[in-house]
Amino acid sequence: MAFAFGCRCGPLPGLTRGAAQVLAEPLHSSGMRLMATNKELLMKLRRKTGYSFTNCKKALEKFCSDLSQAEDWLHEEAHREGWSKATKLQGRRAQEGLIGLLRDRSSAVLVEVNCETDFVARTVRFQQLVHQVAQVALTHCGCAVPALTGPGSYTKTSLTPEELARLSSSPELPPLADQLAMAIGKLGENMLIRRAAWVSVPPDCHIGCYVHGAEPSSSPAPGLAHTAFGRYGALVVCRGPGTVGKAGLAELGRRLGQHVVGMSPLSVGSPLDPPGDDTETRMLAQPFLLDPGLTVSQYLTTSGVAIIDFIRFECGEETERA
């Protein structure tokens, strides 16, 4: 903001230089306060929406510093540009990404979300998308799928890309398809919400959880601390706690999940199956990953824990649907 006072052409006619400076000081202070206010609004809008400084500044200028209108406009533009970019990028190969694992007391979900590069997979924005998918899937299945409550029973279901795309965490929020489009618009890569698998168990059972291949992070982004991310993930349904107790069962479940990730079994098998070698696909007959001198069945003998089922996800793997 420019003023005539103090410029090269001198003071206004009829005013001494001192009088001009006295008049200029309040105007200068007012201008500085306005700049400070605008900067505060810009920072607030940036923190709240996550959009670039350039776009936030453009929105505030467009709506005369009205924060609410500027925020609404940014979301509308992101939605429009996201769908436009998603359409353009559709069909590009997307086999990188993350497996997300989220659990509550008696249920857990694995999800897979794909992108084009591992660089994008490591960004907080992409992890937020994976977390949103896991959270929505966990909530939806918990409400929509009837749980079996008999001893040793459990419930398992899966969700297709089309089913996931229609889900939303609440009627007021956009569906996951819109969340995906906005993430594509922001990160500039093709992305896919590929699949989800959910299990729920009764009190006499436990879900062992394990993910592998996550990027180390000393300070998880806000809201993401309860979701585990990696290239591989496993859920193992166990009947227990046997002789190991609840605390021991959690560690045992984690080790069994680690075995499922590392050894890629195709079925549980039977305790009566003869011991196999590294080509064995029945889990109980496989050499236990953490103690190859024992089969998984032999490892479990003294624990009193039984494996009922498992789910294994590997990011980018071929599936029957694919």
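## A walk through the predicted chain

The secondary structure of this protein chain amounts to nine helices and 10 strands. Please keep in mind that you are looking at a predicted model. Its mean pLDDT is 83, and 80% of the residues reach 70 or more. Over residues 1–10, however, the pLDDT is below 50, and beyond near neighbours in sequence this stretch has 10 contacts in the model. Where pLDDT is low, the predicted coordinates should not be read in detail.

For the chain as a whole, buried residues make up 41% of the 322 residues. Among contacts with a separation of 6 or more, 67% are between residues 24 or more positions apart.

### Two helices

Here are two of the helices, with their spans set beside the expected values.

| Helix | Residues | Number of residues | Span, first to last C-alpha | Expected span |
|---|---|---|---|---|
| α5 | 124–144 | 21 residues | 30 Å | 30 Å |
| α7 | 176–187 | 12 residues | 16 Å | 16 Å |

Both expected spans rest on 1.5 Å a residue, and α5 comes close to its value, as does α7.

The buried residues of α5 include Arg125, Gln127 and His131, along with Phe126, Leu129 and Val130. Further along α5, Val133, Ala134, Val136, Ala137, Leu138 and Cys141 are buried too. An α-helix has 3.6 residues a turn, so residues three or four places apart point the same way.

In α7, the buried residues are Leu176, Asp178, Gln179, Leu180, Ala181, Met182, Ala183 and Ile184. Just after this helix, glycine 188 adopts a positive phi of about 75°.

### Two charged residues to look at

Is aspartate 178 buried or exposed? This residue of helix α7 has a relative accessibility of 15%, and because the cut-off for buried is under 20%, aspartate 178 counts as buried. Its C-alpha atom is separated by 9.7 Å from that of arginine 80, although the two residues are 98 residues apart along the chain.

Arginine 194 sits in strand β4, which covers residues 192–200. With a relative accessibility of 17%, arginine 194 falls under the same 20% limit and therefore counts as buried. What does its side chain reach at 2.7 Å? The partner is the backbone oxygen of glutamate 317.

### The three-stranded sheet and its helix

Strands β5, β7 and β10 form an open sheet in the order β5-β7-β10, with antiparallel pairing. β5 (205–212) and β10 (306–314) are at the edges with a single partner strand each, so one side of each has no neighbour in the sheet. On average, and with direction ignored, neighbouring strands of this sheet are turned by 15° against each other.

How many bridges join β7 to β10? Eight bridges connect strand β7 (residues 232–239) with β10, and the two run antiparallel. Arginine 239, for instance, has alanine 306 in β10 as its bridge partner.

Helix α8 (residues 245–263) lies across β5, β7 and β10, and runs at about 50° to β5.

### A hairpin

Another pairing brings together strand β8 (residues 287–288) and strand β9 (residues 291–295), which are antiparallel and share two bridges. In one of these strands, β9, aspartate 291 is the bridge partner of phenylalanine 288. The two strands, β8 and β9, form a hairpin with two residues between them.

Definitions and conventions:
Residues numbered from 1 in each chain as written. Heavy atoms only, no water. Helix = DSSP H or I, 4+ residues; strand = E, 2+ residues; numbered from the N terminus. Buried < 20%, exposed > 50% of the residue type's maximum accessible area, 1.4 Å probe, protein only. Pairing = 2+ DSSP bridges. Axes fitted to C-alpha atoms, helices over the stretch in contact; angles between N-to-C directions. Contact = heavy atoms within 4.5 Å. Expected span 1.5 Å × (residues − 1). Polar contact = N/O pair within 3.5 Å; in protein donor to acceptor, adjacent residues only side chain to side chain. pLDDT = per-residue confidence, 0-100.
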